[in-house]
Amino acid sequence: MKPDRPAGNVGGMPSTASHLDASNVRDLLRTLAAALLPGRCLVCREAADAPYDLCTPCLASLPWNAPSCPRCALPLLDVADACAACPGRGGGLGPLLAVHGSFEYGAPVDDLLRRFKFRQDLAAGATLSALMARWPPPWLEGAALVPVPLHWRRLRERGYDQARELARPLARSGGLRVWCGLRRARHTQAQSTLDAGERAHNLVGAFHVVGVPPARVIVVDDVMTTGATLAAAAGALRRAGAEEVRAWVCARVP
């Protein structure tokens, strides 16, 4: 049964910061704009319902990823089904203990993600992060969120890191911290241009860790397809000392 109304936000309150970073400033501007201007749905442009910038029909059409495999987040037809991709805790996830995918990669989430990732639509990203917080994974307590980083060259081209933009609001709403010691060691080819076999090879040695990671971490990313990126990131974190590594993605490709 789909969680068409996931229960509540992640608990907790954001900590007080000594200064406003760029993400906080954007949140403040969005709050002011919402108070002064009539909102429009990011999908259909009809009148939007607060606080998600979506109208009621578009909010109801979201493809929540349930039921899904608790190991790899692959969508399942029934909660009692076994995941064919995860015999013996396999599924190509390497050191990852589990993945939680908030949505299936389908309309209208797929278009919002493309706009967020490739068209500098930060409003779409803020909405997706707020929606992710409506249905969090069951293993948040005591963990730190670790966004999958962009290489500095791609970050310079894009101007922002989409995984970090998702992770920061999730951390604030859940009373968690974001740990950014995971780095890109080299500039890899875009995963979306490769097949499953090429994806894993493309990411060999792609990540390294600066400092000692927290014992329990949750890697945050926008989309999971084969899991190669998440597995490579988890491997680097485990080698650096993380004891438990899980992942939380906005959308899981069926």
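In the predicted model, Gln120 is exposed, with a relative accessible area of 53%, which places this residue over the 50% cut-off for that class. Gln120 belongs to the loop between α3 and α4, and its phi is positive, at about 60°, although the residue is not a glycine. A second residue of this kind is Arg45, which is not a glycine either and has a positive phi of about 70°. Arg45 is placed in the loop between α1 (22-36) and α2, and with a relative accessibility of 49% it counts as partly exposed. Most residues other than glycine have a negative phi, and most peptide bonds are trans. Against this background, two cis peptide bonds may also be described. One runs from Ala66 to Pro67, with omega near 0°, and Pro67 is found in the loop between α2 (56-60) and β1. Another joins Ala107 and Pro108, with omega about -5°, and Pro108 lies in the loop that connects β1 with α3.

The strands were examined next. An open sheet is formed by 4 strands, in the order β1-β6-β5-β2, with parallel pairing. Because β1 (99-104) and β2 (144-147) stand at the edges and each has a single partner strand, one side of each is left without a neighbour in the sheet. From one strand to the next, the twist averages 25°. Strands of a sheet pair through backbone hydrogen bonds, either parallel or antiparallel. Following the order of the sheet, β1 and β6 pair in the parallel sense over 5 bridges, and Gly101 has Val249 of β6 as its bridge partner. Between β5 and β6, which also run parallel, there are 8 bridges, and the bridge partner of Val223 in β6 is Ala251. To pass from β5 to β6, the chain goes through helix α8 (residues 228-239), and this β-α-β crossover is right-handed. At the other edge, β2 is joined by 4 bridges to the parallel strand β5 (residues 216-224), with Leu145 standing opposite Ile218 of β5. Of the 9 residues of β6, 8 are buried, so this strand is largely enclosed by the rest of the structure.

Helices pack on the sheet as well. Helix α3 (residues 109-118) lies across β1, β5 and β6 (244-252), and runs at about 105° to β6. Helix α4 (residues 122-132) touches β1 and β6, and its direction makes about 120° with that of β6. At the N-terminal end of α4, Asp121 acts as a cap, with a side-chain oxygen 3.3 Å from the backbone nitrogen of Ala123. The buried residues of α4 are Ala124, Gly125, Thr127, Leu128, Ser129, Leu131 and Met132. For Ser129, the relative accessible area is 1%, and therefore this residue is buried, since the cut-off for that class is under 20%. When residues up to four places away in sequence are not counted, Ser129 touches Glu165, Leu166, Pro169 and Leu170.

The confidence of the prediction was considered last. The chain has a mean pLDDT of 84, and 76% of its residues reach 70 or more. Over residues 7-20, however, the pLDDT is below 50, although this stretch has 24 contacts in the model beyond near neighbours in sequence. Where pLDDT is low, the predicted coordinates should not be read in detail.

Key
Residues are numbered from 1 along each chain as its sequence is written. This is a predicted model: local features need pLDDT of at least 70, side-chain atom pairs count only at pLDDT 80 or more; totals for chains, interfaces and linings use all residues. Side-chain values use heavy atoms; hydrogens and water are left out. Two strands pair if DSSP finds at least two bridges between them. Axes are lines fitted to C-alpha atoms, for helices over the stretch in contact, and angles run from 0 to 180 degrees between N-to-C directions. Contact means heavy atoms within 4.5 Å. Buried means under 20% relative accessible area, exposed over 50%, partly exposed in between (1.4 Å probe, protein chains only). A polar contact is a pair of N or O atoms within 3.5 Å; within protein, one must be able to donate a hydrogen and the other to accept it, and residues adjacent in sequence count only if both atoms are side-chain atoms. A crossover is right-handed if, with the strands pointing away from the viewer, the path from the first strand over the helix to the second runs clockwise. pLDDT is the predictor's confidence in each residue, from 0 to 100.
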